[in-house]
Amino acid sequence: MRVLARFLMSATDTASFPAPTLPEVAFLGRSNVGKSSVINSLLGAKLAKTSSTPGRTRAINFFELRWAGKPLPELIFADLPGYGYAKISREVSSQWPTFIDPYLNERATLALCLALVDVSVPPQQNDKQLIDFLNASGRPHLIVATKSDRLSGNQLQNALRGLTKENPQTRILPFSARTGAGKEQLWQQIRSAIESHPGQPAVAQL
C-alpha cells in the first residue's frame, strides 16, 4: 500500500509539538548518518531535506503519514536534530535539551525510536551514548545500520557482528537508502511497534 506524507511542522520547544494523537516514530543519529535519506526512502518521496552540510536540522521536523485510500492520517515521523557535528554553534546545541529531552522522555505517543548508525565507519562514542540512553529509558527502539551498500558482504557482516557485540539487547537492521535494502524489513518493525502501542488501532499493511 502506498504511503502519502506531508510536512506537518518544525518545533524547537515543547509548546510547538503537534497534539499527541497519532503514534510517532523518532529518527535519531549523528548529523551525517543519513536520517533524511532514510526517511525519504521509506516515504518514496524527497520530503525530508538532505544537505551536503551536516547539522542543518536544528528543530524536530514532524511529517504526517496516511495510506493511499485511507482518509485520515495514521502515523507521524519525527526527524530529530543530529548530534556530534562540531560546527553547530554551542548556543544552538545548548537549546536542544529543552525540547529533545522532554520529547524522548515524556512524549506519550512515541511508539518507536530508530537509532541510526553509519555502519561504514568505526563505532562512535556518541552513538553508544544514544543507545545506552534508549536502553535505560525503556523506549522501544532498534538500531538502523545505514549506508550498508558501502561495504562488501564480508565487511558488512563483520560490522554487524561488532554492533551486535556492543549492543546485545538491541535489534539491528542493515539499511541502504541508495539501494532500498532493508526498507521492507524496517516498515515491518514500524508497523509492529505501532500495532503494539497502547490504544492504537491496527496499521494498514504496506
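**Reading a predicted model by its cut-offs**

Modeller: Let us start with Thr 179, which is found in the loop between strand 7 and helix 6 (183–196), and keep in mind throughout that this is a predicted model.

Colleague: What makes Thr 179 partly exposed?

Modeller: The relative accessible area of Thr 179 is 47%, and the class called partly exposed lies between the cut-offs of 20% and 50%, so Thr 179 is placed in that class.

Colleague: Which backbone nitrogen does the side chain of Thr 179 reach?

Modeller: The side chain of Thr 179 reaches the backbone nitrogen of Ala 181, at 3.2 Å. The C-alpha atom of Thr 179 also lies 7.2 Å from that of Asp 149, although these two residues are 30 residues apart along the chain.

Colleague: Why does Lys 147 count as buried?

Modeller: Lys 147 has a relative accessibility of 17%, and buried means under 20%, so Lys 147 counts as buried. Lys 147 is found in the loop between strand 6 and helix 5, and its phi is near 60°, a positive value in a residue other than glycine.

Colleague: How do you know that Asp 127 counts as buried?

Modeller: The reasoning is the one used for Lys 147, for Asp 127 has a relative accessibility of 4% and the cut-off is 20%, so Asp 127 counts as buried. Asp 127 has its place in helix 4, and, leaving out residues up to four places away in sequence, it touches Arg 30, Tyr 83, Leu 116 and Val 117.

Colleague: What joins the side chains of Asp 127 and Arg 30?

Modeller: Their side chains are joined at 3.2 Å, and a polar contact needs a suitable pair of N or O atoms within 3.5 Å, so the link between Asp 127 and Arg 30 is called a polar contact.

Colleague: Which are the buried residues of helix 4, and why do they line one face of the helix?

Modeller: The buried residues of helix 4 are Asp 127, Leu 130, Ile 131 and Leu 134. Seen down the axis of helix 4, these residues fall within an arc of 90°, and therefore they line one face of the helix. Strand 2 (24–29), strand 5 and strand 6 are included in what covers them, whereas Gln 125 and Ala 136, on the other side of helix 4, are exposed.

Colleague: How many residues has helix 4, and what span is expected for it?

Modeller: Helix 4 (residues 125–137) has 13 residues, and from its first C-alpha to its last it reaches 18 Å, close to the 18 Å expected at 1.5 Å a residue. After helix 4 comes Gly 138, with a positive phi near 80°.

Colleague: What puts the buried residues of helix 5 on the same side?

Modeller: In helix 5 (residues 153–166), the residues Leu 156, Leu 160 and Leu 163 are buried. They are on the same side of helix 5 because the arc they cover around the axis is only 60°. The buried residues of helix 5 pack against strand 5 (110–118), strand 6 (141–146) and strand 7 (172–174), while the face turned away from the buried side carries the exposed residues Asn 154, Arg 161 and Lys 165.

Colleague: Which residues have the most contacts inside the largest nonpolar core?

Modeller: Inside this core of 30 residues, those with the most contacts are Ile 60, Phe 62, Leu 80, Tyr 103 and Leu 104. Several elements give two or more residues to the core, including strand 2, helix 3 (100–106), helix 4 and helix 5, and strand 5 gives the most, with four residues. Apart from this core lies another, of 26 residues, among them Leu 75, Phe 77, Leu 114 and Ile 194.

Colleague: Where is the pLDDT below 50, and why should care be taken there?

Modeller: The mean pLDDT of the protein is 87, and 85% of its residues reach 70 or more. Over residues 51–55, however, the pLDDT is below 50, and it also stays under 50 over residues 85–89. Where pLDDT is low, the predicted coordinates should not be read in detail. The model has eight contacts beyond near neighbours in sequence for residues 51–55, and nine contacts beyond four places in sequence for residues 85–89.

Definitions and conventions
Residues are numbered from 1 along each chain as its sequence is written. Side-chain values use heavy atoms; hydrogens and water are left out. The expected span of a helix is 1.5 Å times one less than its number of residues. Buried means under 20% relative accessible area, exposed over 50%, partly exposed in between (1.4 Å probe, protein chains only). The arc is that of the directions from the helix axis to the C-beta atoms. Contact means heavy atoms within 4.5 Å. pLDDT is the predictor's confidence in each residue, from 0 to 100. A nonpolar core is a set of buried Ala, Val, Leu, Ile, Met, Phe, Trp, Tyr and Cys residues joined through side-chain atoms within 4.5 Å. A polar contact is a pair of N or O atoms within 3.5 Å; within protein, one must be able to donate a hydrogen and the other to accept it, and residues adjacent in sequence count only if both atoms are side-chain atoms.
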